[in-house]
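Please read the following report alongside the sequence and the coordinates. It is arranged by topic under short headings.

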Amino acid sequence: MAVYDRRKPASSSKACDAHRAPLQNAATKRFGSSTFILRPLRYNQRRLNSVLAQTQPGTTQSDRGLARSALAVAVLAALWFVLCKQLSGEWSVNEQYNYGWFVPFLALYLFWLRWEDRPAPEVRSQKLDVRSRLVAAIIGLAALVLLLPIRLFEIGTPEWRPLGWIHTASVAGLTLLCIWSVGGKPWLRHFAFPVAFFFVAVPWVTPIEVPVIQGLMRVVAAVAAETVTLFGIPTQLEGNLIRVSNGLVGVNEACSGVRSLQTSLMIGLLFGELKRLSIWRRFVLVAGAIVIALTTNFCRAVFLVWIAATKNISEVNRWHTVAGYAIVGLVFVGTVILATLLGRGKAEVKDQRAADTFQRSSTPQSSSSFILPTSYFVFAFFWIVAVELGAHFWYRAHESNLVATTRWDVQWPRAAPNFRELKIDEEVRRQLRFDQGHAVSWTSPAESSPATSNPSSSKTVTCLLYLFRWNPGRNSALLANLHRPDVCLPAIGWNQVADNGVRNYPVSASFALPFRHFEFRHGTPENSAPQIAHAFYCLWEDRAPSPSAAGSKLPQMATAHSTWTRDERVRQVLEGRRHLGQQVMEIVFMSSEQIPAADAESRFGELVRDVVLINPGQSNPRRNDQ
């Protein structure tokens, strides 16, 4: 029986060890070599984990910076939108500032050009950063708080021009503050001009604009008259009027050159920025543009006077607008040529260096350079909304007891003898800013009234009827009180001799209109045939004031006319009075014969019943309650 030993033979074990040793050495070498290869991979893995751990907060911070930037843009967009909406009323009504519609888009374009070559943001120290935060917060909060009284006054007195400058300065200051908080002083200097360029669209204040217009009108009229006389055409200067053989040519605001002056100022500043001229060369460019504008305007005035003298006065109106557009074209072309000459090899090198520096920089700082916290922009956005809602709520709270009044219109007496429509002067349109305006005249026999014992003569009476309508919201409630007989007639030489007060004149059995009766005389007492005028004036509001407003100190139809003082405007805001829709009706009877007050009132009472329409647009509006 064979017995097998379970232990391996010694020779066999040694043989296995002999084979295992080289394998183990080879495996050890391979493991060692793989360890050498994987060592840097394990090191990079640790570094990669560390980098990922540090990248997640950075990504979160970048997202916060992006959200803060978007919020800042929303705040600035809201500020500029409200400002442009407020100024758009003047841009639409006043032809002198029609160019204002282009200014916001031009300012955005200039800002975009500046953004393309913006310098690197300023690197602030920690101590300077804390101080900058404090200064920015104080200035920003002050500008934001100022928006509340500005909006209150703008809603109550939107045509008060100093408000436009204060509002624009506040919005521009907040914009520059935001730019400074991102890029510091380099960005503040770099983007200052596009922001300040918007000021050319703000209407000039009246104490500056009126003397400039009047001075230009006198100079243009004098130069035009002298120049035409040198060419053998006889003229006579009468203030702002030039008398020629065919009649009178008036040099009004449109011919004064103030429009071309303001347009040339805008064009000169625009091309100076586009060419990146130095400050001194920009002054030269703007001065050259103004000289071109004034020179071409003088030529236009001479041309129009020559047209009136050699052809006809009616031809002046046909050529007036064409000549005005020609001036704008000449100013544009002349300014472009002058800017090209000044910018030939003379552009600022500083801006180019700034652009090169920006291109050479590694990565521009964005959200990390904000010194204003996100909470500031959140507060600013909600504050802007609160200001708009609060300002309108202030006026609505004072209008809670107002009641809508009866609407009425005028049916023009076209069948009356010598009926004709009168053209309303452009200066009157600019001052009154009405949405609808009509003026007509006709004649009627001076018949005696049964209420009087002294009959008038059979001479005719000239009748003038004016109707002006202001829609809600666009103007001040004081504006309709400006066009009154006791204001307009004395301005053209009439003397007020009587004020017979306010009386209600019935239009139907249940409706009457209040009119104030004035008497005027034109001429000296020594004049044997002075002119007499009886004027009737009615100011009607779409919504009647509440009984609690009976103690108002603001001018009404029965009180003195508005003098447009600061106290009146402040009282209007404090009393919560804004423009809710108004219309004014004026009727004037003029005659060379004496007209007793009773005769004038009797004649006027009959006329009111004939021309006033109650609730226009309805069936049988004239006597719907009879």
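The sections below go from the basis of the model and its confidence to helices, cores, aromatic rings and backbone angles.

## Basis and confidence

This is a predicted model, in which local features need pLDDT of at least 70 and side-chain atom pairs count only at pLDDT 80 or more, whereas totals for chains, interfaces and linings use all residues. Residues are numbered from 1 along each chain as its sequence is written, and side-chain values use heavy atoms, with hydrogens and water left out.

The mean pLDDT (the predictor's confidence in each residue, from 0 to 100) of the protein chain is 77, and 74% of its residues reach 70 or more. Confidence in the chain is highest in helix 2 (residues 103–116), with a mean of 95, and lowest in helix 10 (residues 349–360), with a mean of 49. The pLDDT is below 50 over residues 51–56, a stretch that has 0 contacts in the model beyond near neighbours in sequence, a contact being heavy atoms within 4.5 Å. Over residues 360–368 the pLDDT is also below 50, but this stretch has 9 contacts beyond near neighbours in sequence.

## Overall make-up

The protein chain has 15 helices and 14 strands; these are DSSP runs numbered from the N terminus, with helices being H or I of at least four residues and strands being E of at least two. Of its 626 residues, 42% count as buried, where buried means under 20% relative accessible area, exposed over 50% and partly exposed in between, with a 1.4 Å probe and protein chains only. Among contacts between residues at least 6 apart in sequence, 75% join residues at least 24 apart.

## Two helices

Helix 5 (residues 206–230) has 25 residues and reaches 36 Å from its first C-alpha to its last, close to the 36 Å expected, the expected span being 1.5 Å times one less than the number of residues. Its buried residues are Glu209, Ile213, Leu216, Met217, Val220, Ala221, Ala224, Ala225 and Val228. An α-helix has 3.6 residues a turn, so residues three or four places apart point the same way. Just after helix 5, Gly232 takes a positive phi of about 85°.

Helix 15 (residues 597–611), with 15 residues, reaches 21 Å from its first C-alpha to its last, close to the 21 Å expected. Among its buried residues are Asp599, Glu601, Phe604, Leu607, Val608 and Val611.

## Nonpolar cores and a buried glutamine

The largest nonpolar core (a set of buried Ala, Val, Leu, Ile, Met, Phe, Trp, Tyr and Cys residues joined through side-chain atoms within 4.5 Å) has 58 residues, of which Leu79, Val103, Phe197 and Phe198 touch the most other members. Helix 4 (residues 161–196) gives the most to this core, with 12 residues. A second, separate core of 30 residues includes Val461, Leu467, Met585 and Val608. Leaving aside neighbours within four places in sequence, Val103 is in contact with Phe197, Phe198, Val200, Ala201 and Met266.

Gln583 lies in strand 13 (residues 582–591) and is buried, with a relative accessible area of 5%. Outside the four places on either side in sequence, Gln583 is in contact with Trp408, Phe468, Arg469, Trp470, Cys538, Leu539 and Trp540. Gln583 and Cys538 are 45 residues apart in sequence, and 8.3 Å separates their C-alpha atoms in space.

## Aromatic rings

Rings of Phe, Tyr and Trp (its six-membered ring) pair if their centres lie within 6.5 Å, and planes under 30 degrees apart count as stacked, over 60 as edge-to-face and the rest as tilted; the count by this rule comes to 28 aromatic pairs. Phe381 and Phe382 form an edge-to-face pair, at 5.9 Å centre to centre and 85° between the planes. Phe381 is partly exposed at 31% relative accessibility, while Phe382 is exposed at 56%.

The rings of Tyr505 and Phe515 have centres 6.1 Å apart and planes at 75°, so this pair is edge-to-face. Because Tyr505 lies in strand 9 (residues 495–506) and Phe515 in strand 10 (residues 512–522), the pair ties together parts that are 10 residues apart in sequence. Both Tyr505 and Phe515 are buried, and they form one aromatic cluster with Phe536, Phe589 and Phe604.

## Positive phi outside glycine

Most residues other than glycine have a negative phi. Arg276, in the loop between helix 7 (258–274) and helix 8 (279–310), has a positive phi near 55° and counts as buried at 12% relative accessibility. Asn418, in the loop between strand 5 (408–410) and strand 6 (420–421), has a positive phi of about 60° and counts as exposed at 58%.
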